[in-house]
Structures are given as C-alpha cells and as structure tokens.
Amino acid sequence: MEAAFLPAQQHFSLHALAAHRQDGNAASDSPATDHASAHVTPLQRLRTPVWLYDIDQGRVLWANEAALGLWCSDSLEELRQRDMAQEMSPTIAQRLRQLQQDFRLHDRSSTELWTLYPRGMPRTVDIVCTGWVLDDGRMGMLCEAIGESMTDAVTLRSAEAMVHTPVMVTLYSVRGRALYRNPAARSTVDHPDAGARSRVLDRRELRQIVEQLHRSGQARATTQVSTSLGPRWHDISVRLCRDPVEGRQVFLVSEIDITELKQAEARAHWLAMRDTLTGLPNRSFVSRDFQQRLDGLHASGGEAALIFIDLDRFKAVNDSLGHDIGDRLLVEIAQRLYATLDTDDLVARLGGDEFLVLVSNRDGDIERRTRQLVRRLQVELGRTVMIGRLQMQVTPSMGICRFPRDGHDIDALLRNADLALYRAKEAGGNGVGWFTPELVRLARERIQLEQDLRVAVERHQFEVHYQPRVQVGSGHLVGAEALVRWRHPRRGLVAPDVFIGLSEETGLIRSIGAMVLEKAARQQVLWQLLGRRLRISVNLSPRQFGDPGLVDTIARIVRDTGCDPQQIELEITESVMLGQDESTNRALHQLADMGFRLAIDDFGTGYSNLAYLQRCPISTLKIDRSFIAGSDGVSPLARLVITMCRMLGIETVAEGVETEAQLDWLRTQDCDEYQGHLCSPALPADQFERQMLTMAGPA
C-alpha cells in the first residue's frame, strides 16, 4: 500500500461515527477483529469503499463490500490475511505512524491521495483517514475512499516523490501557520500545527531570513531548528509563492538535515585543535583560543602569565628507552599538568616535550598566583613516573612572561616566554626563568653568535687543544683527548661550552667534528714520527651519528692523513649507545673493524643500560667527573664501575681528577688512567709537546 498526500483537510461524512467510536460510547466485548457491530453495519450498505486498518499490525480488520472490490479481494477473511506492512515502504510506514499520533493526540482526520496496489495493480484514490479506537484500546484508522483520482501521471509522480523524499517540505501562511507538511517534515514536529516562528531557534537568523524574503522573495540559511528530536542543524531554503487552494501568498520551505555533517565538521575541527597523543589542545588552539582569552583580558583590564614548559633531558629518555616509552611519559606528564591547573587556566602541547599554560587573573596579583602554580607544577611534574616496571623522573624548566607588560598578543608572549625558558635551561634546568628585556639583547647576541659560528666553519677558525691522559699506576703519559677551541677574531679564544650546544642545534657540529678528527689524526701521525706513540681520543656527537655519511667521512680522513686508527679512540655518549638503531649499530661495528677504539664518555650521566657494554665493541669507559668529585674518601659508584669494567675487560679512565687524594683513591681501585687539572688542562699542540712529552712512557 503506497500513498501520496495532499494538504490535510477535514472530512465529515464519517466524522460523527468516528468521534462516537473514539469517545468509547460503543465499547464492545468482542475482539478487535470482530467489527460486525451496530456501528459498522450501516457502513456495509455504503457504496463508498470503507475499511478499518490496524496500523500496528499492518492488516485490514474489516472492510465493506465496496472496499473488497477496491482491494480485489474475494472475501473479508482473505483480505484480513494480507500482510500489507511487508510490502510497505519505510516512508509510508512512517506516515501511518504520524497519522496514528495525530489521531491519538489531536483528534485529526486527513484527506490523502493514495496509490494502492491490489494484486499488484496500481489504483489511485482520494481517501479520508480518521482515527478509530480498537476494542483493545489501540488506535486504528478508518479509511473512506471518496473516489478514484483522475490525476495525470506527472502530477501523480510529483506527489509520490513528495511523499518519499527525505527533504522536509512545508507550506506556511504569511502568518507562519502550517498549511501542509510532507511526511519528512511532519516527522520533525510534535504538533501538526507547529508554526514557523518556533522553528528557527536563533531569532537573529530568523530576522535575516525574513529580510531576505522581503528583498528578493527567497532566502537560504544554515541554522539550528527546533525538532521533535531536539535542536538539529538544517539547511533551509525559503521561497514566496501562491497557495494553489486559496490563491494567497505563502512561504514554501524546504529543509535538509545536515546535523551529522555539522557534527563531523565539529569533530574534525576539534581534532584539528587537539594533540593526538596527549589529548591536550595543540598549537592551532593556542593561536585561536589563547589569543581570544588575551583579547577578553585586554577589554576587561585583566592580566595573565604565559608559562612555557620544557622537560629536562627528555631527549635522553627517547634516545635510551625508545619513543614508545617517551610517548607514555608525555601522556602521564600531560595528565598531571592538566590536573594541577585551575579550571580557568588554558593548557596546550606545542609539540615534543613542550607545553604552554596561560594563567589569567582579572582582579588579583598575577605574579603571586603564577608563582604558586609554578611551585605546584615543579612538585607534580617532578614526581617519579612508573611505566610498567620502569621508574623514571624528569624535571620541568619553565619560562614565564606577563601580559600585557611583556607583550600584547600570543605570538609576542610566546617568543618572550621562549627566551625566558632558554635562560632557565642554560642555568642547568629544573628552574624558572622570568622574561626581562635584557633577554632580547642576549637573544640577538646568540643570533650573532650563530652567524659568527658559520663564518668560523667556513674560515677554519677552530683549534684543537689536548688534555693529557695519564696512567694511574706509573704516572706515564699514554694519550690525550682532543678538545676544540674557537679562535674568534674579536672575542679571542672561546671555550666549547659557549658554542658546542649551539653547533649541535644548528647541525654545524658535523663539520666541526670532522675538522677536529682530521686535526687530531694529523697530530697522531706527527707525534708518531717524533717517536711518541700516544693514543688520541676524539669526541663524536650524537648529531654526527645522524649523518649517514659518517663512516665514509672518517675513512676519507684515515686515507688523507695516513693515521693509525688503532691509536685513535672515538668517544661517544650513552645516548648514542642506548638510542642506537640498526644504522648506528652498523656504523659502530664498521668503525671498530677499521681499527678504531670506541669509548663511552661521561658514563653514568644518562639512562644507563649495561647491556650495550657487551653488545657493542667498547674498549674504554670514561667515568664522569661527578663520580670522582666526592672520592677524596670513598665513591661507591665509581668503585662499582671500575670493578664492573675489570670483569668485562674494559679499560677505565677517570675524568676531572683535581686532587692527590682523588688520585690516591683511584690507585687503590686499580683504575687504568685519569685526566684532569691535577695533571694539566687542555693545551695547544706545541705547548703540549714542550710540557708533556717528557712524561711519556716508553714509545
């Protein structure tokens, strides 16, 4: 059973009987399917087809003789057996439920243009549908076919399309009264008479629609509307036209539900503003929402502080334990950060291990509040983190600037907070830096230093100094560590702690490292020609191991200088060992195969994993000066390292030895070598030759 629907109209030929039935005045003890009562007997005599339809069950309960003829049925019993719901489209089923609701709640009847399909043959009839309370209390439908429609094919098909389209179509009077709704539109309102004024939720947008209609006779808007399902987003098109029944001016409104599209857009927008790892807002959120907060504070005369947070030595975690552990650590830190903030503070992850917090205060001391928050953050973020069975700890460095004193927009504040953070990191980390205008000058100097450093690489302004390595037992000179110095044309000799970090950041360390190795290789050849067989150690930075051409570069230096690789020791950090991938591991073994000795520098300062001492071709382990500094008496850690290396057959070198007491203690522990100011600082090659070669042992 299919149907096309014309505008709802009242029909009264059966209205009195239907009303009598709905009032319950003719209650019967017979079952719902027994309708041969006094109230339906008159209907048997009608020549107009009339039948009673059970909307819930999808079956005809009763029909007069004329209706049996319309349905091409031989008997009432046969017609009752037909399951009309089985072949009914979802749109028609929905329309019947709408009619059932209108019958029950609003006592409405409706004139419909239906196309029936008895025995598969289409028959189009005008039908008056009226509510009829069945004997079991459910709402059925009394149908009266008032005549077969003579509608032409085009009109019929257009009416059928109106029934089935998901586009909601409503005809409103100029006063906003609903004159007609297709099934899609009717399904979105609770009451069939719901007017236009209550449809659009935003009054401002409703006024704009009306203004467009007055100007051009048509309007379009995407807006939220009130529906039976709650607020929904609809794309609305409105046109002025004439009512074909009364000839008056009316509004034809078509609506398409785009709520799912809006939700998808909102979700995409939310994701665009979120960091996928931690769930915190991201840099895009900072640019928009942080700036909006600043604009609001500016308008109200409020203040704010921007806190730039960076995790100290987080790179060592990634390098030594892997990115999966690093990611899990970031998630934990992000959760702690979020939980520590007040509800009106904003937080975001910029990327890597960098986070931003915007603290606002409209009526108080922003500096006092910020200092209180910073103390809480230092405690919470610095607490031990457990990831599986792994225990670790990171500390935060923070740079802070204030609004509006240190900047009026988020970009300026971000730059200044970054400068303050850099100052905190330079001071050793786990601290707080507050922005001052002086930092801008220092930043400019740093930019100038970077430019000078690039010039220094081009003009070969670097020198190599050598610090002696001495045998602990005999006191003989056995080697030297090659250490770079920068001979600046204006600043004089620049120590490595001034420029090494910057050269690592800029990648210039690759060129500088290759230059130091080449100079050291030539020096090894020169001293060997003088009869001094000294082993020279040279540092290789983690950044150099990121160069796929490192091994080829070192092989070229060996060819060009004629050095003996067995007399050159390459020092690498724990981060290189622990974060090694396949290419790094391959490079280490290739260097060992070429004859180079490999040493671990500053052992104990990273996330130590002793497995690499057996996995990699390590010859020497250099004990960091921090373990030696307290060894005037006893250093349990240094003793443990020396004992372990002796068991593994690895030589030990103590760094930073400054007192005789430290040296005496190293002798008791059978440490192999030492270096430090007790013997000599790093010296230029010619001065090293004059002062140190007299200490050398047998050639």
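Which residues touch the most other members of the largest nonpolar core? In this predicted model, that core holds 72 residues, and the ones touching the most other members are F462, Y466, I512, L570, L621, L666 and F688. Helix α17, which covers residues 509–529, gives the most to this core, contributing 7 residues. In soluble globular proteins, nonpolar side chains tend to be buried together.

The surroundings of L621 show what such a position looks like in detail. When its neighbours within four places in sequence are left aside, L621 is in contact with I600, F603 and L613 on the one hand, and with V641, M644, C645, I650, E651, T652 and V653 on the other. Apart from the largest core lies another one, made of 30 residues, and L329, L330, F355 and M398 are among them.

Stepping back to the whole chain, the reader can count 26 helices and 28 strands. The chain has a radius of gyration of 44 Å, whereas a compact globule of 699 residues would have one near 27 Å. Along the principal axes, the C-alpha atoms fill a box of roughly 135 × 60 × 45 Å. Of the 699 residues, 48% count as buried, and among the contacts with a separation of 6 or more, 62% are accounted for by residues 24 or more positions apart.

The surface and the charges can be described in a similar way. About 33800 Å² of the chain is exposed, and carbon and sulfur atoms supply 50% of that area. The chain carries 81 positive and 93 negative charges, and the mean positions of these two sets are 3 Å apart.

A few places in the backbone deserve a closer look. Most residues other than glycine have a negative phi, and most peptide bonds are trans. Between F403 and P404, however, the peptide bond is cis, with an omega of about 5°, and P404 is found in the loop that runs between β17 (396–403) and α14 (410–426).

Which phi values do C72 and N430 have? C72, although not a glycine, has a positive phi of about 55°, and this residue is found in the loop between α3 (65–70) and α4 (76–81). Because its relative accessibility is 33%, C72 counts as partly exposed. N430 is likewise not a glycine and has a positive phi of about 50°, and N430 lies in the loop between α14 and β18 (432–434). With a relative accessibility of 42%, N430 counts as partly exposed.

Definitions and conventions:
Residues numbered from 1 in each chain as written. Predicted model: local features only at pLDDT ≥ 70, side-chain atom pairs only at ≥ 80, totals over all residues. Heavy atoms only, no water. Core = buried A, V, L, I, M, F, W, Y, C linked by side-chain atoms within 4.5 Å. Buried < 20%, exposed > 50% of the residue type's maximum accessible area, 1.4 Å probe, protein only. Helix = DSSP H or I, 4+ residues; strand = E, 2+ residues; numbered from the N terminus. Contact = heavy atoms within 4.5 Å. Rg over C-alpha atoms; globule rule 2.2 N^0.38 Å. Areas by Shrake-Rupley, 256 points an atom, 1.4 Å probe, with all protein chains shown as cover. Lys, Arg positive; Asp, Glu negative; His and termini not counted. Charge placed at Lys NZ, Arg CZ, Asp CG, Glu CD.
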